[in-house]
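Subject: Handing over the structure

Dear colleague,

I am passing on the structure that you will be looking after from here. Please open it alongside this message before you read further.

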Amino acid sequence: MMSGPSLPVPTWFVGCGNMSGAIVAGWRVAGVDLSSAVAIRPSATPVEGVHTVPGIADAGRPPQLVILGFKPQKLDEIAPQLRKFLTSKTIVVSILAGVEAASLRERFPGVAAIVRAMPNLPVAIRRGVVALYSADADQATQQLLSNIFAPLGYVPWVSDEAKLAAVGSVAGAGPAYVARFIAALAKAGEKRGLSRELADTIALETVLGQARGQS
Ligand SMILES: NC(=O)c1ccc[n+]([C@@H]2O[C@H](COP(=O)([O-])OP(=O)(O)OC[C@H]3O[C@@H](n4cnc5c(N)ncnc54)[C@H](OP(=O)(O)O)[C@@H]3O)[C@@H](O)[C@H]2O)c1
């Protein structure tokens, strides 16, 4: 059964690799209706639950919402092709690290709003962080995006674009540090005579317990 917020119809994912794929996975788990969404990726590798096509020209009806999920260095190749399909009603959400809103606005001048999002991979299990920033989204657009991303975890808006990089260094890089810490804690348990399985579980539960206690 479908539940949760509705994505604008249609929503395009331009690039759908690791990070956008994690967003799709989180929405799928949350029961968000993805039936009218389109994933565009040159390899056309299927994205579970989403109609997948190899190019922008194959995507069909112009999008109401576009999520840019390719590598930043591809922007100048993709923007001129994409621009033709965007209207004054399109909301552009970019997850491209380090590409500023002003630079996106130059490439997509006529769209309704440019929003930058800084997600992290735990969105796939709905325990992610998705920081949002926009210089031009109106209140209704901000509310819409807060609702859409809410099923994926914690969704703060930041008022200063520079803070997105700080969020990226904590929430984006953080999971790798935490994973290393859990592994080291488990190793210490093993060294003191616990079985591997027991040490792993105790290390995980210790981190989970402390995190939940602090939240
Ligand atoms: N990974 C993270 O934790 C993270 C966190 C925050 C932000 N980001 C940002 O997310 C973006 C994507 O990172 P990623 O790790 O998901 O990279 P990725 O796994 O390499 O995904 C890149 C995607 O772009 C697609 N692509 C390549 N050329 C394209 C084209 N001409 N037209 C349309 N799509 C094209 C690729 O298609 P194929 O699948 O066919 O190869 C792939 O689906 C980056 O800008 C990064 O800064 C990543």
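What follows is a short account of what was found, beginning with the ligand.

This is a predicted model, in which local features need pLDDT of at least 70 and side-chain atom pairs count only at pLDDT 80 or more, while totals for chains, interfaces and linings use all residues. Residues are numbered from 1 along each chain as its sequence is written, and side-chain values use heavy atoms, with hydrogens and water left out.

The ligand is surrounded by 22 residues (each with a heavy atom within 4 Å of it), and the closest of them are N18, M19, R41, S43 and F70. Polar atoms of the protein come close to ligand oxygens in several places: a side-chain atom of R41 lies 2.7 Å from one oxygen atom, a side-chain atom of K71 lies 3.4 Å from an oxygen atom, and a backbone atom of P42 is 3.4 Å from an oxygen atom. On its own the ligand has 910 Å² of accessible area, of which the protein covers 78% (Shrake-Rupley method, 1.4 Å probe; for residues, only the protein chains shown count as cover). Two or more residues of the shell come from each of α1 (18-30), α2 (75-83) and β6 (113-119), where helices are DSSP runs of H or I with at least four residues and strands are runs of E with at least two, numbered from the N terminus.

S43 sits in the loop between β2 (38-40) and β3 (51-53), and its side chain makes a polar contact with the side chain of T45 at 2.7 Å (a pair of N or O atoms within 3.5 Å; within protein, one must be able to donate a hydrogen and the other to accept it, and residues adjacent in sequence count only if both atoms are side-chain atoms).

The backbone also deserves a look. Most residues other than glycine have a negative phi, and most peptide bonds are trans. A44, in the loop between β2 and β3, nevertheless has a positive phi of about 55°, and R126, in the loop between β6 and β7 (128-133), has a phi near 65°. A44 is partly exposed at 29% relative accessibility, as is R126 at 36% (buried is under 20%, exposed over 50%, and partly exposed in between, with a 1.4 Å probe and protein chains only). Finally, the peptide bond joining V9 and P10 is cis, with omega about -10°, and P10 is found in the segment before β1 (11-14).

With best wishes
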